Amino acid sequence: MPTLPAHLSQAHTAGLPATATLPAPRTATTGTGGLVTNGPVMVGTGWRITSQFRTYCLSPSRPYVITFPTQALKDRYVPYLTTAVSQLVTAGVNLTIGGIETPDYSTVPPQGHIQYGEAYRPVGTAGYSQGLPCYDTADNSVWGGYVLIDTEYWDGTWSITTVKLKNTLVHELLHTLGLDHCNSDMNNDGVVASYETVKDTAGVTPIMTSPNGGYQDSRAGQLTPYDLNGIRQLLANATALGVA
């Protein structure tokens, strides 16, 4: 099974060299309601971009498509993804749910493809799934990636609530679109802990909180305003970097 660094190092090697210099990442200071358009901006309130893995922006014009290795897995996952995909499209991501495609884990997926699949403990820890983003070395935009969902959710060996399941399936999708875990040192003790992140006035954390955030009610599986701000900043970064 591939690892995250391996995929990133293989991503479309004909493009930008590893030593390329891009505008220095900056931190957003506009709070939860605004975006900084002259960037790129890599972190803001309740969201963070995977700039450490050279993902700087999300192309507004590139078609992104979610595919599945079998019809059975498509039937299993699409109901959990439909609302989030609709939110992402409204935010400006050219994203659709596609059909059946056999993944090749020895290399990166075709450009724009986000391939959902299943694996037993893909990160080696019980109950954890994995989103594997790839970047386009020509411009450091999101290329596509893989989502590997832990099979333990379905075979009865790992107990997971419906709320956490919905949030997890979307959380991993957002990794492939360029968002990182948004945890931060809220209590200033020098440690960024699990679940430690900003909350809204109702106590809702971003869905990109690690190990599991997002709405804890019937809205589970939907992006929060924090997560949507991160997606919008990825798109704004594309404009700032001249990525079509």
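In these exercises, a contact means heavy atoms within 4.5 Å. The structure is a predicted model.

**Exercise 1. The surroundings of Ser 210**

Task: Determine where Ser 210 is found, which residues it touches beyond its sequence neighbours, and whether it counts as buried or exposed.

Solution.
Step 1. Ser 210 belongs to the loop that runs between helix 4 and helix 5 (225–241).
Step 2. Leaving aside residues up to four places away in sequence, Ser 210 touches His 181, Asn 183, Ser 194 and Tyr 195.
Step 3. The relative accessibility of Ser 210 is 17%, so the residue counts as buried; the cut-off for this class is under 20%.
Step 4. The peptide bond that leads from Ser 210 to Pro 211 is cis, and its omega is near 5°. Pro 211 lies in the loop between helix 4 and helix 5.

**Exercise 2. Positive phi values in the loop**

Task: State what phi is near in Asn 188 and in Tyr 195, and classify the accessibility of Asn 188 and of Tyr 195.

Solution.
Step 1. Asn 188 is found in the loop between helix 4 and helix 5. Its phi is positive, near 55°, although the residue is not glycine.
Step 2. Asn 188 has 68% relative accessibility and therefore counts as exposed.
Step 3. Tyr 195 is likewise found in the loop between helix 4 and helix 5. Its phi is near 70°, a positive value in a residue other than glycine.
Step 4. With a relative accessible area of 44%, Tyr 195 is partly exposed.

**Exercise 3. The chain and its sheet**

Task: Describe the secondary structure of the chain, and work out how its 5-strand open sheet is arranged.

Solution.
Step 1. The chain comprises 5 helices and 8 strands. Read from the N terminus, the order of elements is α-β-β-β-β-α-β-β-β-β-α-α-α.
Step 2. The open sheet has the strand order 5-4-6-8-7, with mixed pairing. Strand 5 (95–100) and strand 7 (130–136) are its edge strands, each pairing on one side only.
Step 3. On average, neighbouring strands of this sheet are turned by 25° against each other, direction ignored.
Step 4. Strand 4 (residues 64–68) and strand 5 run parallel and are joined by 4 bridges. Tyr 64 has Leu 95 as its bridge partner in strand 5.
Step 5. Helix 2 packs on the sheet and touches strand 4, strand 5, strand 6 and strand 8 (141–150); its direction makes about 170° with that of strand 5.
Step 6. Helix 4 also packs on the sheet, touching strand 4, strand 6, strand 7 and strand 8, and its direction makes about 150° with that of strand 8.

**Exercise 4. The length and burial of helix 4**

Task: Why does the distance between the end C-alpha atoms of helix 4 agree with its number of residues, and how many of those residues are buried?

Solution.
Step 1. Helix 4 covers residues 162–176, which is 15 residues. The expected span is 1.5 Å times one less than the number of residues.
Step 2. The expected span is therefore 21 Å, and the end C-alpha atoms are 22 Å apart, which agrees.
Step 3. Of the 15 residues in helix 4, 11 are buried; among them are Leu 165, Val 170, His 171 and Glu 172.
Step 4. After helix 4 comes Gly 178, with a positive phi near 110°.

**Exercise 5. The aromatic cluster**

Task: Find how many aromatic pairs the whole structure holds, and classify the pair of Tyr 77 and Tyr 116 and the pair of Tyr 77 and Trp 154.

Solution.
Step 1. A search of the whole structure yields 5 aromatic pairs.
Step 2. The ring centres of Tyr 77 and Tyr 116 are 5.8 Å apart and the planes stand at 45°, so this pair is tilted. Tyr 77 is in helix 2 (residues 71–91) and Tyr 116 in strand 6 (residues 113–119), 39 residues apart. Both Tyr 77 and Tyr 116 are buried.
Step 3. Tyr 77 and Trp 154 form an edge-to-face pair, with 5.7 Å centre to centre and 85° between the planes. Trp 154 lies in helix 3 (residues 152–155) and Tyr 77 in helix 2, so the pair ties together parts 77 residues apart in sequence.
Step 4. Trp 154 counts as partly exposed because its relative accessibility is 27%. Arg 76 lies over the face of Trp 154, at 4.3 Å from the ring centre.
Step 5. One aromatic cluster is formed by Phe 68, Tyr 77, Tyr 80, Tyr 116 and Trp 154.

Note on methods. Residues numbered from 1 in each chain as written. Predicted model: local features only at pLDDT ≥ 70, side-chain atom pairs only at ≥ 80, totals over all residues. Heavy atoms only, no water. Helix = DSSP H or I, 4+ residues; strand = E, 2+ residues; numbered from the N terminus. Buried < 20%, exposed > 50% of the residue type's maximum accessible area, 1.4 Å probe, protein only. Phe/Tyr/Trp six-rings, centres within 6.5 Å; stacked < 30°, edge-to-face > 60°. Lys NZ or Arg CZ within 6 Å of the ring centre and 35° of its normal. Pairing = 2+ DSSP bridges. Axes fitted to C-alpha atoms, helices over the stretch in contact; angles between N-to-C directions.
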